[in-house]
Amino acid sequence: MRLVVDPVERPLTGELVIPNSKYHAHRALMLASLAAGRSRIVGLTHAQHVRSTIEVLRGLGTLIDIDGDTFVVEGGPYRPLSTTLSVGSSGSTLYFMTGLCALADRPVTLVGQRYLMRRPVQALLTALSQMGIGVASNGGRPPLTIESGRPRGGRVRIAGTLSQWISGLLMIAPFATEATVIEVDGLLNERPYIDLTLAMMERFGLEVEAAADRRRFLVPPGQRPRPATVRLPPDIGSAAFGLAIAALHPCELVLRGLTGANGLGDHPEIAFLDIVRAMGLPMRQEPDNRGVRVRYDGSRLRAVSVDCRETPDILPILTTLAAFAEGETVISNIGHVRLKESDRVAAMLQLNDMGGRLRVDDSRLLVRGVERLRGADLSSFNDHRVLMSLAIAATRAAGRSRFTYPNAYRISYPEFLNAMNGIGARMECTS
């Protein structure tokens, strides 16, 4: 199977409905599962990674139903229905739930898809051990078997490489028997994702004293989360693909749901909106405040300089935009982007096979824009963001392009294919 993409030959028109934020959904569902009583998470998401979180929580005995556009969660103690639970391909589910599974009334083993089983997690396991949580692993990699029992707490040190490690510690720390101090070593990456975790914990009544630089956290022991109602905002990470295709072609599009009135301020990728504006894409709020309109003549974008330390997930789609921008785009602090579902830096260097001009200089990705790419057969590495970013690039290539693992987009944006074709793109999964 391949995802086949043909070039766009006429202006794009129509509407894109932006799905709800998976980042908020993961955290809200997990915290709701621990809050005794009923919580409501308003705004469904069909992303496979969120479905993996739901399946793990259900496997731990949490009741999660759907009422209209709302997840209804009956929180309480974890009483596993099975001792082996799959996180699928979701790194967030793995990193967040490893510590939380210690709250189950018996040991639990977390497994997942093959490539996820190769991810090194020893830094997280060492920190959890410092808190008094026992986890057996396969040489610092999954599968992971988590012992049952509340954490002790105490002083914990963790590298600032991945925010998911820090978020995983923050979410289990309130359940410790003693106060927990979490200290971050080295450079701190992905701070907006940590801020989102702290904000969601506060919504469920959990207290964390966080230093302004987010390098030290004090978490009081013996806390009990309260049920809450949370409305999921639109997902900027998904909207980025609609904005990107709009920036590469003449268009008149409306992105429904993309509005500040829906609480975009705490979305960890909100910086992407400023970046694409700086590159030259015009956006204006619809009069009904229910969306953003993009009317664009397809002019070449402007090159920019972007630090990816805080928002690594935007690198693939930013690289696609930079591949066509006039001048040289500099994307710095890219090291931790190589630790995601794939080495996303190496994956996006495949644009060179389409006629792009990309090179890596130490911790920077340098992209000199060209007028047009050419079609090619490339790998998506089964990485949803890589697949969608390369597919958007292919809409402005001369000739047909084909990509492996054509269904990877379902991981985070199941509506992607229908949404793109609905505005005039030509994408199809074929054998």
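User: In β17, which residue is the bridge partner of L255?

Analyst: In this predicted model, β15 (residues 251-256) pairs with strand β17 (residues 291-296) in the antiparallel sense, over six bridges. Within β17, the bridge partner of L255 is V292.

User: Which residue stands opposite L255 of β15 in the parallel pairing with strand β2?

Analyst: Strand β2 (residues 12-17) and β15 pair in the parallel sense over six bridges. The residue that stands opposite L255 in β15 is L16.

User: How many of the six residues of strand β15 are buried?

Analyst: Strand β15 pairs with β2 and also with β17. The strand is mostly covered, and the number of its six residues that are buried is five.

User: Which strands stand at the edges of the open sheet that contains β18, β19, β21 and β20?

Analyst: Four strands form this open sheet, in the order β18-β19-β21-β20, and the pairing is mixed. Two of the strands have a single partner strand each, so one side of each is left without a neighbour in the sheet. The strands at the edges are β18 (305-307) and β20 (357-361).

User: What is the average twist from one strand to the next in the sheet β18-β19-β21-β20?

Analyst: The sheet is open, with four strands in mixed pairing. From one strand to the next, the twist averages 15°.

User: In the pairing of strand β19 with strand β21, which residue of β21 does V330 stand opposite?

Analyst: Strand β19 (residues 328-332) and strand β21 (residues 364-368) pair in the antiparallel sense over five bridges. In β21, V330 stands opposite L366.

User: At what angle to β21 does helix α9 run?

Analyst: Helix α9 covers residues 315-322. The helix lies across β18, β19, β20 and β21. Relative to β21, α9 runs at about 30°.

User: Is α9 roughly parallel or roughly antiparallel to α11?

Analyst: Helix α9 and helix α11 (residues 384-394) pack with their axes 8 Å apart, at an angle of about 15°. Angles under 35 degrees count as roughly parallel. The helix α9 is therefore, with respect to α11, roughly parallel.

User: In which hand does α9 cross α11?

Analyst: The two helices pack at an angle of about 15°. The crossing of α9 past α11 is right-handed.

User: Which residues of α11 meet P316, I317 and T320 of α9, and how many residues of each class make up the contact?

Analyst: The contact joins P316, I317 and T320 in α9 to R385, S389, L390, I392 and A393 in α11. By class, the residues in the contact of α9 with α11 are five nonpolar, two polar and one charged.

User: What is omega for the cis peptide bond that joins P142 and P143?

Analyst: Most peptide bonds are trans. The bond joining P142 and P143 is cis, and P143 lies in the loop between β8 (135-136) and β9 (144-146). For this bond, omega is about 5°.

User: Is R214 buried or exposed?

Analyst: R214 is found in the loop between β12 (209-210) and β13 (216-219). Its phi is near 60°, a positive value in a residue other than glycine. Buried means under 20% relative accessible area. With a relative accessible area of 17%, R214 is therefore buried.

User: Does D362 count as buried or exposed?

Analyst: D362 has a phi near 60°, a positive value in a residue other than glycine. The place of D362 is in the loop between β20 and β21. Exposed means over 50% relative accessible area. At 71% relative accessibility, D362 therefore counts as exposed.

Notes:
Residues numbered from 1 in each chain as written. Predicted model: local features only at pLDDT ≥ 70, side-chain atom pairs only at ≥ 80, totals over all residues. Heavy atoms only, no water. Axes fitted to C-alpha atoms, helices over the stretch in contact; angles between N-to-C directions. Parallel < 35°, antiparallel > 145°, perpendicular 65-115°, else oblique. Left-handed = near helix turned anticlockwise from the far one by under 90°. Contact = heavy atoms within 4.5 Å. Nonpolar A, V, L, I, M, F, W, Y, C, P; charged D, E, K, R; others polar. Pairing = 2+ DSSP bridges. Buried < 20%, exposed > 50% of the residue type's maximum accessible area, 1.4 Å probe, protein only.
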